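Reader: I am in my first year and still learning to read models of this kind. Could you take me slowly through one chain, from its confidence to its packing and its contacts with its neighbours?

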Amino acid sequence: MQYILLLFLISSLAIFILPGWLKKQKALVLSAVQVVAFVYFAARIPEITTAEAKYIFLEWIPALGLNFEFLLDGLTMVFALLVTGIGALIFLYAKAYMKSYEGTDKFYLYLMLFSAAMLGLVLSANLIQLFIFWELTSFLSYFLISFFHEKESARKAAFQSLYITGFGGLAMLAGIILLGSVVDSYSLQDWINGAESIRQSNFYLPGLLLILLGVFTKSAQFPFHFWLPGAMQAPAPVSSYLHSATMVKAGVFLLARLSPVLGGTNEWIYIISLIGVITMLTGSYFAITQTDLKGILAYTTINALGVLVLLLGINTSESIKAAMLFLFIHAFYKATLFMVAGLIEKKTGTRELSKLGGLVKYMPFTFVIALLALLSMAGLPPLLGFLGKELIYEAKVQSPGIASLVLILGVTSNVFMVAVSLFFARKVFLGKPNTFGKTPNEKGAAFLIGPGILVLLSLVLGLFPGNLGTAVIKPALGVVSSEMIDVKLKLWHGFNQVLFLSLLTVFLGVVLYWAMLKKKKLLETWRKVNSVIFSIELDEVFAWVMNKFVQVAQFKTKIVQHGYHRYYILTIFVFTSLLLWFQVFVIRSWEFDLSFSLNPFYISGLAVVILGAAITSAVSRSRIVTIISMGVAGYGISLIFMYYSAIDLAITQILVETLTLVMFMAILQKLPRFAVLSSKRTRLRDFFIALSFGSVMTILAIKAVNVNLNPTISDFFVENSYNKAFGENVVNVILVDFRALDTLGEVTVLTIAATGVFLLLKTKNKKL
Amino acid sequence: MEIVLAIVVGILYTAGVYLMLRRSILKFIIGLIFMSNATNLLVFLSAGLVSGSPVFVDGEKINAEVMADPLPQALVLTAIVIGLGIVVFTLALKYKFFELTGTDDLDQLKKTDN
Amino acid sequence: MNSVILQLAAKYLKWLFIVFAVLALIRGHNSPGGGFIGGLMAGLAIVYNGFAYDTFRIKERLQNFPEWLIAGGLFVIVLSFFPSLLLGETIMSGVWLKISLPLVGELKLGSPLLFDIGVFFTVIGVTLMFIFSLTQKR
């Protein structure tokens, strides 16, 4: 399966070098690649139901415990089929949709790369690897949302989604590392084996919360849901593919993946269920008052994501079964609806609900497709959506603890969904036809193939769901949930509590729909109320936070980066000497095994000369005196080297000092005289700082005497200098033989400095 | 003697830091030279002082007990030459700065453009 | 600065300096000296000459001499890596060739000597480039 990823990668780049006649059909080429991948995965369905899961291990950075690990099991299969299957239809649809835009090469590149990243994500059996693919999807989502980058709103929405999902991704990485430290591995298998110790460890709750942060941001859960409606700035194929069928489900995938490791605890059940319920209600509630077609679909997607998260939070086999089925259902109808919305936008030039109407006259096939998809969304028989809703109700009935509350809220949200679905169909397709600029049509078969196939699947699988259950859902269930239950999917469940709830939902939904349609005032007041709620929407909270962040950064920069060179230097030395003093006081060893002596007297005399030269150089106001004193100090040091058996050092020091002096003298005439620039107080302050640094360095020097710089190294050099390198001057042998690489580095530095000086002074100045 | 030389190191550092805190670039560069000399002396000092016995081996004969440590010497030799490179480069920079702005004052460096 | 004495001295002393520099380079392996010291000495000799006359004139005459010196020096350094590479040893390990000459006695030539010669030329070049750049007429 790593070859499938490679194929995706290559084909995404290959579109740039296709020959002309094939390049025109690049969407079809990519679609075909997706079909190949889909067939590959579909052909392996029998394997995963019978044999062991397929596992591939490739070494990457074994020293850090990072490896490429790919796993193809039931859960992966569900997502892989969705990614490749819907991917194939999306590319087909994009061929028609993107026709009139510039830069489609770029678009297909991003979309195909996203497809590869998403596939890599679901195939990952190593958490770090999963994180990398996870971030890649966020990143590509950014590029795809901002595809119409000339629109400011698109750029803003893209940034928003990148910040939010990126922030969540980083939190998730921290969580992964935290929990990974418990079992000392990032391999999924090790996590599953060590699940008990992870759940028992102190890191469990923080690790879980951090990972959930990643999940909730990616899957647009409350309170991070607001980026998803913003992301509707993207072209329709992107909304359909990333923001309803695949990427936003990554969070759900991770929950299912980690459910055997982290799931089943009270924290898991309550945190996830709570967030799921809130998201579910938020999504369906706000969907009602939306006026934008894609806005409606975005909020219903949030509702669906909430439902999925809730089901995984409940964490019973029933609920996971429902979740897996609902994944398919939602992908089928929502991808269809997004494609239909894109088609309508293309043909009529608007997505506003109030400007649309009576489209059934112009687009009959579209109407049929959309109606079936909407019925599936509303959960009406005989579509797959009905089956899903029944299972979800069943799962909620059996959920532990707060079953009745969850059930009531679930029914409420589904009532909204029914009303929204009917309202959508009525407003867009029925009623009095509006006048459009040009007469809408449904030319372009590519527009309808994708939605048509998906709706057909909804219908056929709704009537005959058996195979889907045993072939795909059951293996997935086996991975996520420890206990195996039989998955027998049927449309007709018999008269029971669940059927009654369904009937109640439909009845209330229709009532709500009727109220929305007939009582115009009701809907308008509702919209007003919601727009008040919108005015304190999280969107703006986010903008406010980002704004403050920039302000704080500016404030900080102003303080730290003040631009005064000497204060930077001052800060460095003050802190260095403080740290050193601290160390001296903490260690508190003031004894030195050295005695103060002035022998030999001529070295002491030399010391006095150097002191005098240093002080003169520091305080003199004449440039010549300053430079000459500096030279005196340098020559004095070379004499010290000379006396203490470092002949080569002494010679080098003399030569370098001479060269330095010559250069200063050469440049001196061209420089201005010293001016008195600092006040007396400043100089006094600087003197004390310098004195503090100097005295601590004196103490350091005394402490450092006779610290052996690893004697074995020096002994090695001395012993082998003649034997191996045929040289009697050990220092020189070290330089040109033992440590020749260092000398090479040194020569390189000199060359770079010389080149720098040459270039600096060569160029003619522009007068300022 | 080590203590006297340690004091020399301290004084060299003091002069170096004081000069580096001045506003004149020329003084800053001279401070840099003092700092580099002081550091060389510090490294040299830390190996211990051995007088009158330079690090030469006479053929195969080795008499390591009285010999000075060759390693810090090699380190300091490298440091001296690199120090030269840094000083000259700074000097060139300073010269250019003076040519462009006509001032020696580092506080004028505040502005990044114009 | 136009001192006839200095110019006359420079004319001959320059070569003396350079001879000493080469001596320091060659005997560097066994006695004080070596590539750095030799290079700095030779560089200073040319600088001395330059100050006696006019640095600018010397520079005109020498054209791109420093650049060539640096390039040549680095080239020689790279050359010194090859003997050890060709013998299949770790790069930069010393390879020695012993030649017995009738009058001089045994002569040892090794890749570290070649390395040192490379350093010698590079340092001369760098020194000259520093001085010429800083003293040029603006």
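**A close look at chain A**

Author: Among the elements of chain A in this predicted model, helix H24 (residues 520–535) has the lowest mean pLDDT, 72, while helix H11 (residues 204–218) has the highest, 92. Taken as a whole, chain A has a mean pLDDT of 84, and 93% of its residues reach 70 or more. Where pLDDT is low, the predicted coordinates should not be read in detail. For the model itself, the scores are an ipTM of 0.92 and a pTM of 0.67.

With that in mind, we can turn to the fold of the chain. Chain A holds 33 helices and two strands, and of its 768 residues, 48% are buried. If we take the contacts in chain A whose separation is 6 or more, 77% of them are between residues 24 or more positions apart.

The strands come early in the numbering, and they are a good place to begin. Strand S1 of chain A, residues 54–61, pairs with strand S2 of chain A, residues 66–72, in the antiparallel sense, and seven bridges join them. Two of the pairings can be followed by residue: A:Lys54 has A:Leu72 in S2(A) as its bridge partner, and A:Phe57 stands opposite A:Glu69, also in S2(A). Between the strands of this hairpin there are four residues, and here A:Gly65 takes a positive phi near 75°.

From the strands we pass to a pair of helices in chain A. Helix H16 (residues 293–314) and helix H17 (residues 317–348) pack with their axes 10 Å apart, at an angle of about 170°. An angle over 145 degrees counts as roughly antiparallel, and H16(A) and H17(A) are therefore roughly antiparallel to each other. On the side of H16(A), the residues that meet H17(A) include A:Leu297, A:Ala304, A:Leu308 and A:Leu311, whereas H17(A) contributes, among others, A:Ala323, A:Phe326, A:Leu327 and A:Phe338. The residues of this contact between H16(A) and H17(A) divide into 17 nonpolar, three polar and two charged.

Chain A also meets its neighbours, and we may take chain B before chain C. In the contact with chain B, 91 residues of chain A are matched with 83 residues of chain B. Among the elements of chain A that give two or more residues to this side are helix H26 (565–587), helix H29 (647–668), helix H30 (680–704) and helix H33 (740–762). The largest share comes from H30(A), which supplies 13 residues. By kind, the residues on the side of chain A that touches chain B are 59 nonpolar, 22 polar and ten charged.

The contact with chain C takes 33 residues from chain A and 36 residues from chain C. On the side of chain C, the elements that give two or more residues are helix H2 (35–52), H4, S2 and helix H6 (111–135) of chain C, and H6(C) gives the largest share, 14 residues. The residues on this side of chain C divide into 21 nonpolar, 13 polar and two charged.

It remains to ask about confidence in this partner. Chain C has a mean pLDDT of 81, with 83% of its residues at 70 or more. Its confidence is lowest in strand S2 of chain C (residues 105–110), at a mean of 67, and highest in helix H4 of chain C (residues 65–79), at 89.

Notes: Residues numbered from 1 in each chain as written. Chains lettered and ligands numbered in written order. Predicted model: local features only at pLDDT ≥ 70, side-chain atom pairs only at ≥ 80, totals over all residues. Pairing = 2+ DSSP bridges. pLDDT = per-residue confidence, 0-100. Contact = placed C-beta atoms within 7 Å. Nonpolar A, V, L, I, M, F, W, Y, C, P; charged D, E, K, R; others polar. Axes fitted to C-alpha atoms, helices over the stretch in contact; angles between N-to-C directions. Parallel < 35°, antiparallel > 145°, perpendicular 65-115°, else oblique. Buried ≥ 20, exposed ≤ 12 C-beta atoms within 10 Å, placed from the backbone.
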